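Here are some exercises to work through with the model open beside you. Try each task before you read its solution.

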Amino acid sequence: MTLLNILSKEPASNEVADKKPAKTQTRYFRPRYQILDTENAYSIEVDVPGVAKSGLEITLEDGVLEVVGNRSWKAPEDWKSIDNSYSEVAYRLRLAIGDSVNDGGIEAEVEDGVLRITLPKVEDKKPRKISVK
Amino acid sequence: MKYLSPFTRRDGLVSFSGDPFREIEREFEKLFGSWPSLFESNGSSLTFDSDRSPVSSWYENDDAYVARFELPGLKAKDIELEIKDGTLSLSAERKTRSKKEKSEASYSYRQSLSLPDGVNEADASASYEDGILAVNIPKAEKAKPRRIAIK
């Protein structure tokens, strides 16, 4: 059998993040993400391909936002993996958001493998114009 | 002046050097103020690579090869997939919001792969869900494993 020749394949772009203690055996990728800073809110877009709504856990504790995305698909047992990708690994992203965000107003939605989290700014962190007399 | 400008080096006066990581670092610093130890500062950006090969994983079962491409943020109609003469070509364009409000950025995914011998190109099929494109390429009859009975 000819092995699949994967042309122009770049190394996995996500590094494997730290492991949890041995008992759970869960490994995580840190997903790609970007942060958009608008006047009233921060908007975080996280790439979580393979994760459905039910696979997402988002928590905010002590000023740290944690996103865990578990994939909804697993290869059937009789399928053989023919490359060494990390594609079945869960995602985890931790971001310190401190006290600049209005906790109660955080919203999240996921569509086509992209998670969008909107974090409204607290009033006194919004930019303020100071007029010059 | 010293007390008024503790963060100037990080946040204010350094001009954008064209290095995406520098810019995104600055974004984090604006957002997270003085907690650098919690920055995931080598987190990557969605927008800066222009032509990127999607991360893919490949499987083989008795009947087919299956490729799963990670293509978040697309619609099925925006993905072009072609199999011809033993080569699978994939291209797609993704639009993302850019850092400037109300403007859009985009980049494309592009990849060409050589398929193994003994596949049935005509019966390949694909589906897109949750940002994953799954491509199923059946094996030709002669390439399937065959059990040989021992008499």
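A residue counts as buried when its relative accessible area is under 20%, and as exposed when that area is over 50%. Please keep in mind throughout that this is a predicted model.

**Exercise 1. Describe the make-up of chain A and chain B.**

Step 1. Start with chain A, whose secondary structure comes to 0 helices and 9 strands. Along the sequence this reads β-β-β-β-β-β-β-β-β.

Step 2. Turn to chain B, where you should find 2 helices and 8 strands. From the N terminus the order is α-α-β-β-β-β-β-β-β-β.

Step 3. Now add burial. Chain A has 133 residues, and 39% of them are buried. For chain B, the buried share is 40% of 151 residues.

Step 4. Finish with contacts that have a separation of 6 or more. In chain A, 52% of these come from residues 24 or more positions apart; in chain B, the corresponding share is 48%.

**Exercise 2. Trace the open sheet of chain A from edge to edge.**

Step 1. Write down the strand order: the sheet has 4 strands, arranged S1-S7-S5-S4, and its pairing is mixed.

Step 2. Find the edges. S1 (28-29) and S4 (56-61) of chain A each have a single partner strand, so each has one side without a neighbour in the sheet.

Step 3. Walk inwards from S4(A). This strand pairs with S5(A), residues 64-69, in the antiparallel sense over 6 bridges. Check two of the residue pairs: Leu56(A) stands opposite Gly69(A), and Leu60(A) has Leu65(A) as its bridge partner.

Step 4. Look at the turn. The hairpin of S4(A) and S5(A) has 2 residues between the strands, and Asp62(A) takes a positive phi near 50° there.

Step 5. Carry on to S7(A), residues 90-96, which runs antiparallel to S5(A) and is joined to it by 6 bridges. Glu66(A) has its bridge partner, Arg94(A), in S7(A).

**Exercise 3. Is Lys121(A) buried or exposed, and what does its side chain contact?**

Step 1. Place the residue: Lys121(A) lies in the segment after strand S9 (114-120) of chain A.

Step 2. Apply the cut-off. Lys121(A) has a relative accessible area of 8%, which is under 20%, so this lysine is buried.

Step 3. Look for a polar partner. The side chain of Lys121(A) makes a polar contact with the side chain of Asp37(A), at 2.6 Å.

**Exercise 4. Work out how S8(B) is surrounded.**

Step 1. Count the buried residues: 6 of the 7 residues of S8(B) meet the criterion, so the strand is largely enclosed by the rest of the structure.

Step 2. Find a strand that pairs with S8(B). S3(B) runs antiparallel to S8(B), with 7 bridges joining them. Within this pairing, Val66(B) has Asn136(B) as its bridge partner.

Step 3. Move on to S7(B), which pairs with S8(B) in the antiparallel sense over 5 bridges. Here Glu129(B) is bridged to Ile132(B).

Step 4. Inspect the hairpin of S7(B) and S8(B). There are 2 residues between the strands, and Asp130(B) has a positive phi near 50°.

**Exercise 5. Which elements and residues line the second largest pocket?**

Step 1. Begin with its volume, about 260 Å³.

Step 2. List the lining. There are 16 lining residues, and those nearest the centre are Trp73(A), Arg68(B), Ser127(B), Glu129(B) and Ala134(B).

Step 3. Assign strands. In chain B, S3 (64-70), S7 (125-129) and S8 (132-138) each supply at least two lining residues. S7(B) gives the most, with 5 residues.

Step 4. Sort the lining by class: 8 residues are nonpolar, 5 are polar and 3 are charged.

**Exercise 6. Relate Trp58(B) to Arg68(B).**

Step 1. Locate Trp58(B) in strand S2 of chain B, residues 56-60.

Step 2. Judge its burial: Trp58(B) has a relative accessible area of 1%, so this tryptophan is buried.

Step 3. Compare sequence with space. Trp58(B) and Arg68(B) are 10 residues apart in sequence, and their C-alpha atoms are 6.4 Å apart.

Step 4. Link back to the pocket, where Arg68(B) is one of the lining residues nearest the centre.

Note on methods: Residues numbered from 1 in each chain as written. Chains lettered and ligands numbered in written order. Predicted model: local features only at pLDDT ≥ 70, side-chain atom pairs only at ≥ 80, totals over all residues. Heavy atoms only, no water. 1 Å grid on protein atoms, 1.4 Å probe; cavity = no way out; pocket = protein on both sides within 12 Å on 5 of 7 lines; lining within 4 Å. Points joined across faces, edges and corners; volume = space filled by probe spheres on them. Nonpolar A, V, L, I, M, F, W, Y, C, P; charged D, E, K, R; others polar. Pairing = 2+ DSSP bridges. Buried < 20%, exposed > 50% of the residue type's maximum accessible area, 1.4 Å probe, protein only. Polar contact = N/O pair within 3.5 Å; in protein donor to acceptor, adjacent residues only side chain to side chain. Contact = heavy atoms within 4.5 Å.
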